[in-house]
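Please look through the structure shown below together with its sequence. The report that follows walks through selected strands, helices, residues and a pocket.

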Amino acid sequence: MNGAAQQTISVRDFAGKTVLVTGGAQGIGRGIAEAFAARGASVAIADLRVDAASEAARPFVQQGGTARAYAADMAEYAQIEHLVAEVEADFGRLDVVVHNAAYFPLTAFEAITPAILQRTFAVNLAALFWLAQAATPAFIRQGGGRMLATSSVTGPRVAYPGLAHYAASKAGVNGFIRAAALELAKHRITVNGVEPGMIRTPAMGNLGDDAHNRRIEQAIPLGRLGEPADIAAAMLFLASDAAAYITGQTIVVDGGATLPESAAVMG
């Protein structure tokens, strides 16, 4: 975690809080779970693969923290309802939900099938509705809560070949964030998100080979790919007391990649 984040968010800021992270077994999700666990939170790691979620939770427990793994398919409404209820029952409370799970098979526009589009929208967008609905009563019982989403610069700000379905879902995520923030504010629930750019995770393999990804990295103004910790730092801020008066917003974390008007500018 960078120095600025360490100064803003102390090592015990989330002590006594329960944080649910979907898609938390690897990549950005695992980085988010690690960041909250390092600051005292009890972490519920939900993933399609419970074995991977268990592996991600194990180091937190070994270091004296509290973490549990949960199997859940974010495309399934009933599983989402059950997940939230189970987490609150196991930990006794729920304070922060981070919807990070995503589905984005690189697919040419003309090859997108109903099944691909349906699952993309279900995991990336519909799950946000069901998670927020399920978590709202738990948040109200705590006097408020934080609903967070991993959005993307792809869709709200830029496009990427082969990701029309993903882009549409993430544009929807940003719309959800604003609308839900307005309606849930009366319950002292804030709704915010982070828009990552290119982040060094196993999922980058979906976008191309190593040479392709090196070209992407070279075009980023700050000169590097992002790391999961960069996204986690923004999530920590939005979940913290420092962001208590922020809702309906997203933070772009992309190393400046969306700043140039044309790729030729960075040529």
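## A guided reading of the model

At 58% relative accessibility, E183 counts as exposed, a word used here for a relative accessible area over 50%, whereas buried means under 20% and partly exposed in between, with a 1.4 Å probe and protein chains only. E183 lies in helix α6, where helices (H or I, at least four residues) and strands (E, at least two) are DSSP runs numbered from the N terminus. E183 and L148 are 35 residues apart in sequence, and their C-alpha atoms are 15 Å apart in space.

This is a predicted model, in which local features need pLDDT of at least 70 and side-chain atom pairs count only at pLDDT 80 or more, while totals for chains, interfaces and linings use all residues. Residues are numbered from 1 along each chain as its sequence is written, and side-chain values use heavy atoms, with hydrogens and water left out.

### Parallel strands

Two strands are said to pair if DSSP finds at least two bridges between them. The table lists four such pairings, each with one example of bridge partners or facing residues.

| Strands | Bridges and sense | Example |
|---|---|---|
| β1 (residues 18-22) and β4 (residues 96-99) | four, parallel | V19 and V96 |
| β4 and β5 (residues 145-150) | four, parallel | V97 and M147 |
| β5 and β6 (189-196) | six, parallel | L148 and N192 |
| β6 and β7 (residues 250-253) | four, parallel | E195 and V252 |

In strand β4, V96 and V98 point one way and V97 and H99 the other way, and all of them are buried. Strand β6 is largely enclosed by the rest of the structure, because eight of its eight residues are buried. Both faces of β6 are covered, with I189, V191, G193 and E195 on one side and T190, N192, V194 and P196 on the other.

Helices connect some of these strands. β4, helix α5 (residues 114-141) and β5 make a right-handed β-α-β unit, where right-handed means that, with the strands pointing away from the viewer, the path from the first strand over the helix to the second runs clockwise. A right-handed β-α-β unit is also made by β5, α6 and β6.

### Residues in their surroundings

Which residues does A149, in strand β5, touch? Leaving aside residues up to four places away in sequence, A149 touches H99, L128, V173, I177, N192, G193, V194 and M235, where contact means heavy atoms within 4.5 Å. A149 counts as buried, at 2% relative accessibility. The C-alpha atoms of A149 and V173 are separated by 7.7 Å, although these residues are 24 residues apart along the chain.

H165 lies in helix α6 and, at 1% relative accessibility, counts as buried. With residues up to four places away in sequence not counted, H165 touches F104, P105, T107, I112, I116, L117, T120 and F121.

T136 is found in helix α5 and is also buried, with a relative accessible area of 12%. On the same kind of count, which omits residues up to four places away in sequence, T136 touches L184, H187 and I189.

E34, in helix α2 (residues 27-38), is partly exposed, with a relative accessible area of 38%. Between the C-alpha atoms of E34 and F60, which are 26 residues apart along the chain, the separation is 7.6 Å.

R188 has its place in the loop between α6 (164-184) and β6, and is exposed, with a relative accessible area of 64%. Although R188 is not a glycine, it has a positive phi of about 60 degrees.

### The second largest pocket

The second largest pocket has a volume of about 390 Å³. Of the 20 residues that line this pocket, the closest to its centre are G145, R146, R188, T190 and A244. A pocket here, on a 1 Å grid over the protein atoms alone, is an open set of points where a 1.4 Å probe fits, with protein on both sides within 12 Å along at least five of seven lines, and lining residues have an atom within 4 Å of a point. The volume is the space filled by probe spheres set on the points, which are joined across faces, edges and corners.

β5 and β6 each supply at least two residues of the lining. By class, the lining has eight nonpolar, six polar and six charged residues, where Ala, Val, Leu, Ile, Met, Phe, Trp, Tyr, Cys and Pro count as nonpolar, Asp, Glu, Lys and Arg as charged, and the others, Gly among them, as polar.
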